[in-house]
Amino acid sequence: MTTTSEIMEVEIERILPGGMGLAHADGKTVFVSLAAPGDRLRVRIERVQGNVLFASIVEILAPSPVRVEPPCPYFGRCGGCDFQQLNYEAQLAAKTGIIRDCLQRIARLDEIPEFMVHPSPNNWRYRVRATWQIDREQQEIGYYEGGSRRVCDVAECAVLMPELQQTLERVRATKWNEFPPDLKHLDVVAGEDGVSLSPPFAEFNTSELSLRVGNEVYNYNAEAFFQINPALLPSLIEFALSDVGGETALDLYCGVGLFTLPLARRFTKVIGVEANSVATRFARRNLELAGLANARVMTSSVAEGIRNVRSADFVLLDPPRAGAESIVIKRILDLQAERISYVSCDPATLARDLKKLIVGGYAIESIAGFDLFPQTHHVETVVLLRRLS
Ligand SMILES: C[S@@+](CC[C@H](N)C(=O)[O-])C[C@H]1O[C@@H](n2cnc3c(N)ncnc32)[C@H](O)[C@@H]1O
């Protein structure tokens, strides 16, 4: 029987959803963190769960040809970037494999249309949004360590855009007696006109920012969701909206209106639904500033917000990582929209929900991945569906 702390030798076959490397040894399945496909490794078993062993690398016996030296000094401790050991092509290939794996295993799709993961124009210094964890007792500021709630103290983060890095340095230089006593984390976001922080303290404000994405301008602050990597957003929006147009569109989980504005240029009427009232205030203002009076934004859970909507030509949904609640999928199916665009930051919950949409009468038209999160295993996926008549 294999026990924790045992050492074994493995060869990594591929990268799995969740970012771990897959190996097989002694009749067991081994998940190895921070591995590269093709690595030959000596690993230590950290946890045993039935026939699955969770392991960490002790020694690289023969490195994969796609392995690179992770440039960040916090790699391995900070839970933020778990793909720095892979060259960028291998990161994209792993993400393609992760999406495909979820569609095959969870959505049970036999035939998957050809698709690609669009690369990020910047692989480093791309993040415009972050959450910094605070450990007041240890006087540490940074990100959670991998698989724990311990804060890894980070002085420099290589994926933050320069304005956020400078803000991190200013936050770290602030005297501890100026921090609110019960502060656990800080949300921070950058725009073209500065940086916004929530909650505000010392010299830091929850200022309102703006950013142009394609032909639209969006206002937002650190209390509302905004996508992490704006450079890829124009192509993501273009793919998600494809050639849709018509009478009525729904934008579910609409945030500050990233998709609501371009949808309002294509449809006679648009309804956006979003639970965060700060985000809906910005969404309404963004529509007004764009001169778009044909969209209505509801502050509501999606489940409640669409309860009384009878029909729609097009539904776009962009839920958080947990995916859409079962009742939301059921209500979307009741709308009988001709087309659906599902934008997701978690291929596993996406696949779970796609399975229900397909059983409910939809077929996949096209799929694309967008690498909004270089150096991590995370990937944004967009799936366009069409109702079978
Ligand atoms: C992934 S973000 C997408 C936002 C927007 N589509 C964008 O791209 O900027 C998900 C959004 O769903 C909102 N949200 C989470 N759960 C919700 C729910 N049950 N009902 C409505 N909105 C929800 C969050 O506040 C967040 O703004």
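Which residue follows α3, and what is the sign of its phi? In this predicted model, helix α3 is followed by Ser-242, which has a positive phi, near 45°. A look at the whole protein helps to place this helix.

The fold contains eight helices and 21 strands. With a radius of gyration of 22 Å, close to the 21 Å that the globule rule gives for 389 residues, the protein is as compact as a globular protein of that length. Along the principal axes, its C-alpha atoms fill a box of roughly 65 × 55 × 35 Å. Buried residues make up 52% of the 389. Among contacts with a separation of 6 or more, 61% join residues that are 24 or more positions apart.

Turning to the surface, the accessible area of the protein is about 17,300 Å², and carbon and sulfur atoms contribute 49% of it. The side chains include 41 positive and 49 negative ones, and the centres of these two sets are 5 Å apart.

Helix α3 itself spans residues 233-241, and its buried residues are Leu-233, Leu-236, Ile-237, Ala-240 and Leu-241. Viewed down the axis of α3, these residues fall within an arc of 115°, so they line one face of the helix. The spacing fits a general rule: an α-helix has 3.6 residues a turn, so residues three or four places apart point the same way. The partners of this buried face come from several parts of the chain. The buried residues of α3 pack against the strands β13 (209-213), β18 (314-317), β19 (339-344), β20 (362-370) and β21 (380-387), and also against helix α4 (260-264).

Conventions
Residues are numbered from 1 along each chain as its sequence is written. This is a predicted model: local features need pLDDT of at least 70, side-chain atom pairs count only at pLDDT 80 or more; totals for chains, interfaces and linings use all residues. Side-chain values use heavy atoms; hydrogens and water are left out. Buried means under 20% relative accessible area, exposed over 50%, partly exposed in between (1.4 Å probe, protein chains only). Helices (H or I, at least four residues) and strands (E, at least two) are DSSP runs, numbered from the N terminus. The arc is that of the directions from the helix axis to the C-beta atoms. Contact means heavy atoms within 4.5 Å. The radius of gyration is taken over C-alpha atoms; the globule rule is 2.2 Å times the number of residues to the power 0.38. Accessible areas come from the Shrake-Rupley method with a 1.4 Å probe; for residues, only the protein chains shown count as cover. Lys and Arg count as positive and Asp and Glu as negative; His and the chain ends are not counted. The place of a charge is taken as NZ of Lys, CZ of Arg, CG of Asp or CD of Glu.
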